Amino acid sequence: MRILVTGGAGYIGSHACAVLAGRGHETVIADSFVNSSPLVLDRLGGILGVAPICHRVDLRDRGAVASLFAGTRFDAVVHFAALKAVGESCARPLAYFDNNICGTIHLLQAMREAGVGRLVFSSSATVYGDPDSAPVREDAPLRVTNPYGRSKLVMEQLIEDLCERDPDFRAINLRYFNPVGAHPCGRIGEDPGGEPNNLMPYISQVAVGRRDCLAVYGGDWPTVDGTGVRDYIHVMDLARAHADALEFLLREERSATVNLGTGRGVSVLQLVKAFERASGRRIPYRIAERRAGDVAEVYADPVLAEALLGWRAELDVDAMCRDAWRWQRMNPHGYGFPEVDADGAE
Ligand code: NAD
Ligand code: WQD
């Protein structure tokens, strides 16, 4: 299949391009680079053995999105492009609605005009907010708690409405839990600008010496050890699910909404310990105040993903930490700086 990958230069999108190419698909990236570097493309080219095709396009530019489809016939779209920082979305809600929702509407319009009727959409477990219980099934109540989450829920609903009204349009909303890790070659990975918002990149930067100490947000949650519990999922498992979702859309005459997680909860301190084992480094931490908006425990019920897509997560927390550490050690300052080999030499 020839697949348009919006946001394909980003963290998850770049790994998905690698996996999709490995499954014999042709990928074309569209990215504005608002939260990624064009240097990703060189790294991806090294992995694929051929330079990826990429168009610098902002999905907010409706005309530019339409032109993407004018020159090329796509069989499907995988739509990663979005802004994703929860805190920033609270400070700039309209920017999030504009980028994420308006961008998605332009994409859906262009797909319809071009007669492209297969979509895989990056949604998030954030649509569940603070769930009543875990594991969380897809039919759990949806309660968004911030503008980023609102944008994801609205986009899911727009897509579901289109699927209902248009028999030629089918889509899968994939609700990711907590993606972490990196490609096993260590050449692509997560490169947050500034201070990381998320746990795994923060731990990695402490391990590599860029930060002194991890602040653990709360030691008195009602969990196994008092720290927050999440469902961390290896980005390579996640990427593989996109290839499986595309094949589902070709095979089946229906749409779906599916959780992507391992089904296992891991606490902050359990992840710290696993990272220490993988890296051989000590991760200093201190227990800090709870972070506003955090919840105690969230992990997926992954049964539907296996039933519909034939997909289940295969890589455990040790593999997630091993691969996150390899990426961090080979790229201590992320893209844009010389790579060092796995033994630490430039
Ligand atoms: P990312 O920021 O690394 O990648 C997103 C990519 O989209 C970036 O390359 C960015 O430049 C691009 N982009 C953003 N707005 C654009 C626009 N208007 N036009 C064109 N390109 C644009 O993020 P990621 O972690 O790879 O996330 C990918 C998707 O998965 C997002 O939709 C995100 O909301 C979703 N998601 C991520 C997580 C997570 O924890 N990483 C969890 C759940 C869902
Ligand atoms: C995990 C655990 C923190 C940082 C967020 C978004 C969500 C989704 C994924 C896109 C929690 C604790 C964290 C730190 C810590 N993104 N923590 N110290 O909050 O589950 O989800 O990213 O859709 O929308 O909300 O992930 O990695 O930020 O936190 O103690 O420096 O680590 O309290 O228990 P979260 P996270």
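What is the mean pLDDT of the chain, and what percentage of its residues reach 70 or more? I noted first that this is a predicted model. The mean pLDDT is 96, and 99% of the residues in the chain reach 70 or more. I kept one caution in mind: where pLDDT is low, predicted coordinates should not be read in detail. For the complex, I recorded an ipTM of 0.99 and a pTM of 0.98, both given by the predictor.

**Entry: the shell around ligand 1**

I looked up which residues surround ligand 1 and found 27 of them. The closest are Asp 31, Asn 35, Ser 36, Tyr 148 and Lys 152. I then sorted the shell by class: 14 residues are nonpolar, nine are polar and four are charged.

**Entry: where the shell comes from**

I asked which elements each supply at least two residues of this shell. They are α1 (11-22), β5 (118-124) and α6 (147-165). The largest share comes from β5, which contributes three residues.

**Entry: polar contacts of ligand 1**

I examined three side chains in turn. Tyr 148, listed among the closest residues, has a side-chain N or O atom 2.6 Å from an oxygen atom of ligand 1. For Lys 84, I found a polar side-chain atom 2.8 Å from an oxygen atom of the ligand. In the case of Asp 58, the partner is a nitrogen atom of ligand 1, and the distance to an N or O atom of the side chain is 3.0 Å. I finally looked up how much of the ligand is covered: on its own, ligand 1 has 820 Å² of accessible area, and the protein covers 95% of that area.

Key
Residues are numbered from 1 along each chain as its sequence is written. Chains are lettered from A and ligands numbered from 1 in the order in which they are written. This is a predicted model: local features need pLDDT of at least 70, side-chain atom pairs count only at pLDDT 80 or more; totals for chains, interfaces and linings use all residues. Side-chain values use heavy atoms; hydrogens and water are left out. A residue is near a molecule or strand if one of its heavy atoms lies within 4 Å of it. A polar contact is a pair of N or O atoms within 3.5 Å; within protein, one must be able to donate a hydrogen and the other to accept it, and residues adjacent in sequence count only if both atoms are side-chain atoms. Accessible areas come from the Shrake-Rupley method with a 1.4 Å probe; for residues, only the protein chains shown count as cover. Helices (H or I, at least four residues) and strands (E, at least two) are DSSP runs, numbered from the N terminus. Ala, Val, Leu, Ile, Met, Phe, Trp, Tyr, Cys and Pro count as nonpolar, Asp, Glu, Lys and Arg as charged, and the others, Gly among them, as polar. pLDDT is the predictor's confidence in each residue, from 0 to 100.
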